[in-house]
Amino acid sequence: MNFIAIQSIYKFEMSRWFRTVGQSILSPVISTSLYFVVFGAAIGSRFGESIGGDGGSTVSYGSFIVPGLIMLMLLTQSTANASFGIYFPKFTGTIYEIMSAPVSYLEIVAGYVGAAATKSILLGLIILVTANLFVPVHIVHPVWMILFLLLTAGTFSLLGFIIGIWADGFEKLQLVPMLIITPLTFLGGTFYAIEMLPPVWQKLALLNPVVYLVSGFRWSFYGISDVSIGLSLGMTLVFLGACLVIVARIFQTGYRLKQ
Amino acid sequence: MQPIISIQGISKTYRPRGKVGAFQALKPIDLEIQNGEIFALLGPNGAGKTTLISIICGLVNATTGTVTVAGHDIVRDYRAVRRLIGLVPQELHTDAFETVWKTATHSRGLWGMPRNDAHIEKVLRDLTLWEKKDNRVMMLSGGMKRRLMIAKALAHEPKVLFLDEPTAGVDVELRQDMWNLVRSLRAGGVTVILTTHYIQEAEQMADRIGVINKGSLILVENKAALMHKLGRKQLNLRLHQKIETVPGSLAPYKLAIAADGMELVYVYDTEAEHSDITMLLQDLATAGIGFKDLVTKQSSLEEIFVGLVREQK
């Protein structure tokens, strides 16, 4: 294992992020605050009732959406960071250096995906702290919370990496996040519990992979979930596995990397 | 001496995705590069020079054939191979927003080498980039970016350095610096393979020259041997009268008949101790062959090269 190389890619990627750390942190914090104002205060106050949790405890709508918002940020930031991270050297041509270095594909992925996941986890934690300023937030299962945070950030950074390799223009880089990830996240129970939907839509919602991520993550906070925690964890691992298989395949064939 | 790079039957066919028509950029090539030499791959644009070195460096998959570097297969044993190799591509691909120092240390890190600030400093000083170490790469001039690319390739102390068109778009002074650098690298035991379409560059720097055209390696020779050819001169004698055959008395000169019998061509070596021209002219007079004019010309490497390239067409 070329650990120095992994570390080098990781540090290089992180330093790229820290160069623009102001914008990197400020914009997600502002947009999350806006979600709180719009959904939490304006719409949430109309809900009137609280949503039930473990042992008869209830949470307010404002608190309810916190895990969903963190998930939303985690998914979008992971894919955006990782896709840009690998697309940019492809675009500028500097990828020649990585391709001619004595690094294995696993090491390249570890460096890029590790850095992208770190960034989105840091943002997720910042949003958690921001949310705490607006509404009471408590975490019932902190270990599970960290586990879901890591798995989701890792999985969607891998997805971002795949998008970054596939994209041959800046438009394509935006295409998947805009057309697939954002809609799935909004429809995935970020702002509501699945049981609030009409029965048909409840069934359809179960086809949305993001439902399982949000549900599991929310369970780790309040003990409330749409689906069982085992199923959430299982589905998360399935996505992770699928992304790993695709990445392995990309490197085996040299897809969009080698002629 | 064991060759450091051994290329056997390497070929490359590009098959564009979704389009018809494959393009064979390299026809099967065999070549050995000796340890510690400067080898110049000379050829026109699009000859396949970059494809060949891209295969060795792991940027392009070969269609057929194998390459070993210091006995390691470039595919099976890619780590061992790539540790030995530094690549300076033709295009200026740089991380515009990073500093000179950071990109150079990053390159060393990618090769898995432990941090060594003294080495990076030496490389940057050698390439007169030390003053610019804290500047962002985008602030550098084109020539400095070119040198930075070399610094990055040298950051991990390679044993084999590939320079793809190192002096393309580089001014005369920098070109001289570049040549001096290559010579000092060779003195330090580094094998250098450079591609160029400047014959002068190959002539100035290389120990051996390989001429490549349309994907075929058409000639590999010591520069000395090529220079020997360069040292040859040709004497054309325009005759008064047409001749059919060369008289037997002139056989030792190996004359050739040209221009439908109106010319005799004599090739001789100016570097030989005795030039035979006086004797030839005397013998011509004895044989009764008169000439009205004579022209001598020297064949240049350029001519040899153009001749070789033309032969292929």
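Let's start in chain A, where the axes of helix 1 and helix 5 (residues 105-134) of chain A come within 8 Å and cross at roughly 35°. Keep in mind that this is a predicted model. The crossing of helix 1 of chain A with helix 5 of chain A is right-handed. Which residues of helix 1 of chain A make the contact? They are A:Ala5, A:Ile6, A:Ile9, A:Tyr10, A:Glu13, A:Met14 and A:Trp17. From helix 5 of chain A come, among others, A:Ile108, A:Gly111, A:Ala115 and A:Lys119. Sorted by class, this contact has ten nonpolar, three polar and three charged residues.

Now look at another helix pair in chain A. Helix 3 (residues 61-92) and helix 7 (residues 170-186) of chain A pack at an angle of about 165°, with their axes 10 Å apart. That angle is why helix 3 of chain A counts as roughly antiparallel to helix 7 of chain A; the cut-off for that word is over 145 degrees. This crossing is right-handed. On the helix 3 side of chain A you'll find residues including A:Leu72, A:Thr76, A:Ala80 and A:Phe84, and they meet helix 7 residues of chain A including A:Leu173, A:Pro177 and A:Ile181. The contact of helix 3 with helix 7 of chain A has eight nonpolar, five polar and no charged residues.

Next, see how the chains touch. The contact takes 21 residues from chain A and 26 residues from chain B. On the chain A side, helix 1 (3-19) and helix 4 (95-99) of chain A are the elements that give two or more residues. Helix 1 of chain A, which you've already met, gives the most, with six residues. By class, the chain A side has nine nonpolar, nine polar and three charged residues.

Over in chain B, let's turn to the sheets. One is an open sheet of six strands in the order 6-7-8-3-9-10 (chain B), with mixed pairing. Its edge strands are strand 6 (85-88) and strand 10 (216-222) of chain B, each pairing on one side only. From one strand to the next, the twist averages 15°. Zoom in on one edge: strand 6 of chain B is joined by four bridges to strand 7 (residues 160-164) of chain B, and these two run parallel. If you find B:Leu87, its bridge partner in strand 7 of chain B is B:Phe162. Lying across strand 6 and strand 7 of chain B is helix 5 (residues 142-154) of chain B, which runs at about 170° to strand 6 of chain B.

The other sheet to look at is an open one in which four strands take the order 2-1-4-5 (chain B), with antiparallel pairing. Here the edges are strand 2 (23-34) and strand 5 (72-73) of chain B. Two bridges join strand 4 (residues 64-69) of chain B to strand 5 of chain B, and B:Thr68 stands opposite B:Asp73 in strand 5 of chain B. Helix 1 (residues 49-57) of chain B lies across strand 1 (3-14), strand 2 and strand 4 of chain B, at about 115° to strand 1 of chain B.

So how far can you trust the picture? The model scores ipTM 0.84 and pTM 0.83. Chain B averages a pLDDT of 87, and 92% of its residues score at least 70. Which element of chain B has the lowest mean pLDDT? That's helix 10 (residues 301-312) of chain B, at 67, while strand 6 of chain B has the highest, at 96. Where pLDDT is low, the predicted coordinates should not be read in detail.

How values were computed: Residues numbered from 1 in each chain as written. Chains lettered and ligands numbered in written order. Predicted model: local features only at pLDDT ≥ 70, side-chain atom pairs only at ≥ 80, totals over all residues. Contact = placed C-beta atoms within 7 Å. Nonpolar A, V, L, I, M, F, W, Y, C, P; charged D, E, K, R; others polar. Pairing = 2+ DSSP bridges. Axes fitted to C-alpha atoms, helices over the stretch in contact; angles between N-to-C directions. Left-handed = near helix turned anticlockwise from the far one by under 90°. pLDDT = per-residue confidence, 0-100. Parallel < 35°, antiparallel > 145°, perpendicular 65-115°, else oblique.
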